[in-house]
Amino acid sequence: HTPSVATGSSSSSSDNHALELLQLLMGSVEQLGSKQLLQPLQPPSSRVLEVLRRALTAGWCDQVSCRVRSSNYIAKLAQEGRLSRYATRYQSATLADEEVFLHPRSCLAKAAPEYVVYGGIVRTAKRPYMATVTAIEPQWLAESSSSLCIVSGPLLEPAPFYDPKADNVLAWHDASYSQHAWQLPRLLLPHPDASAAAAVFAAALLGGRVLPGTTLWNGLLVAPAATAARPELAGLPRVGELITALKSQQVFSRATLAAAWTRQPDFLKQQLGMWLQQRHRHMLEGAWQQLLQQAAAAVSNDAAAGTKLLSGRKRQKNGKQKQY
């Protein structure tokens with residue numbers, strides 16, 4: 001039965017809220033009935049499991065451990081049938097001078113994941129064991145805890161690039177985690193330097209990777225499009241003026257280019273004309289309106305695709321809610 005709860009004037013509002021939730025929960029249990037509650041639950045989908053593991057990573061980002069031994073060593077123990085007899089050693093993100101262990105009877109003992117989160121430490125006479133352990137993926141750590149993750153500046157190799165699908169200039173970054181500087185998978189992030197991002201975007205624009213209309217310029221440029229991204233050539237007028245114009249309007253994507261053309265339709269016309277061979281510069285004037293239309297249409301399509309994706313996710317979420 002739903003319990004009757006009496007609260008005194010000294011009870012805190014949080015206690016009252018907790019008791020209200022308890023009453024609601026007991027009422028729901030009573031409505032469902034004991035037979036339905038005894039039915040076995042369906043296992044969660046792989047997507048649900050991933051979301052739960054990501055949530056634990058974010059919530060316990062300071063309770064992360066990294067396996068000390070290599071994956072080859074763990075595989076050798078498993079092959080020899082000795083893994084179930086040994087506690088796997090881990091290094092905790094926040095414990096400087098103490099190692100922790102995965103118990104050999106843990107359901108994760110055979111897999112011995114490289115990275116785990118744990119809910120607490122159980123200290124025995126023999127060693128400290130991690131409790132409530134969940135396997136996680138190392139790339140999630142950079143997303144979950146900026147305070148414990150150290151990210152390098154943009155790398156020169158692999159070179160930064162413009163991604164048409166993301167509509168952004170991206171660069172690779174090295175990443176490490178915790179005071180032990182565990183190496184994480186490299187991160188692909190928007191380029192933080194405006195000059196470098198403008199140079200990469202300029203090369204992409206000239207090379208036809210931003211708007212389809214610029215592919216008509218292939219073979220008509222005074223120099224390869226990629227030279228716009230070479231820092232040592234920034235002193236050339238055609239390179240420097242194009243990069244300066246892009247940087248001045250913070251144009252590093254198709255969306256920001258379309259916005260700049262909305263404000264100033266002749267933006268970049270002079271700078272792009274400098275890249276065309278003299279006898280072909282008249283082509284830019286004839287194709288200019290087409291470029292502006294392509295930019296506006298591409299941004300509109302990107303927005304429509306984003307809206308469609310959100311609507312699909314909302315319908316999927318509502319459908320799942322109706323099942324319960």
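**Close-up 1. In this predicted model, helix H6 passes helix H7 in a right-handed crossing.** On the H6 side, the contact is made by Ala194, Ser195, Ala198, Ala199, Phe201, Ala202 and Leu206, and H7 brings Leu242, Ile243, Leu246 and Lys247. Two packed helices are described by the angle between their axes and the distance between the axes. Here the axes of H6 and H7 come within 9 Å and cross at roughly 115°. Angles of 65 to 115 degrees count as roughly perpendicular, so that's the label for H6 and H7.

**Close-up 2. Helix H6, residues 194–206, and what sits around it.** H6 runs for 13 residues and spans 18 Å from its first C-alpha to its last, close to the 18 Å expected at 1.5 Å a residue. How many of those 13 residues are buried? The count is 10, so H6 is largely enclosed by the rest of the structure. The buried ones are Ala197, Ala198, Ala199, Val200, Phe201, Ala202, Ala203, Ala204, Leu205 and Leu206. Their cover includes two strands, E9 (161–163) and E10 (168–177), along with helices H7 (237–248), H8 (254–263) and H9 (269–273).

**Close-up 3. The two ends of H6.** At the N-terminal end, Asp193 acts as the cap: one of its side-chain oxygens lies 3.3 Å from the backbone nitrogen of Ser195. Ser195 also turns up in the contact with H7. Go just past the other end of H6 and you meet Gly208, with a positive phi of about 85°.

**Close-up 4. Two positive phi values in the loop between E10 and E11.** Most residues other than glycine have a negative phi. Ser178, though, has phi near 70°, and Ala181 has phi near 55°. Both sit in the loop between E10 and strand E11 (182–190). Are they buried or exposed? Ser178 has 7% relative accessibility, so it counts as buried. Ala181, at 39%, counts as partly exposed.

**Close-up 5. A cis peptide bond at Pro158.** Most peptide bonds are trans. The one from Glu157 to Pro158 is cis, with omega near -5°. You'll find Pro158 in the loop between strand E8 (149–151) and E9, and E9 is one of the elements covering the buried residues of H6.

**Overview. The whole chain, for orientation.** Zoom out and the chain has 10 helices and 11 strands. Of its 324 residues, 33% count as buried. Among contacts between residues at least 6 apart in sequence, 58% join residues at least 24 apart.

Definitions and conventions: Residues numbered from 1 in each chain as written. Predicted model: local features only at pLDDT ≥ 70, side-chain atom pairs only at ≥ 80, totals over all residues. Heavy atoms only, no water. Helix = DSSP H or I, 4+ residues; strand = E, 2+ residues; numbered from the N terminus. Expected span 1.5 Å × (residues − 1). Buried < 20%, exposed > 50% of the residue type's maximum accessible area, 1.4 Å probe, protein only. Contact = heavy atoms within 4.5 Å. Polar contact = N/O pair within 3.5 Å; in protein donor to acceptor, adjacent residues only side chain to side chain. Axes fitted to C-alpha atoms, helices over the stretch in contact; angles between N-to-C directions. Parallel < 35°, antiparallel > 145°, perpendicular 65-115°, else oblique. Left-handed = near helix turned anticlockwise from the far one by under 90°.
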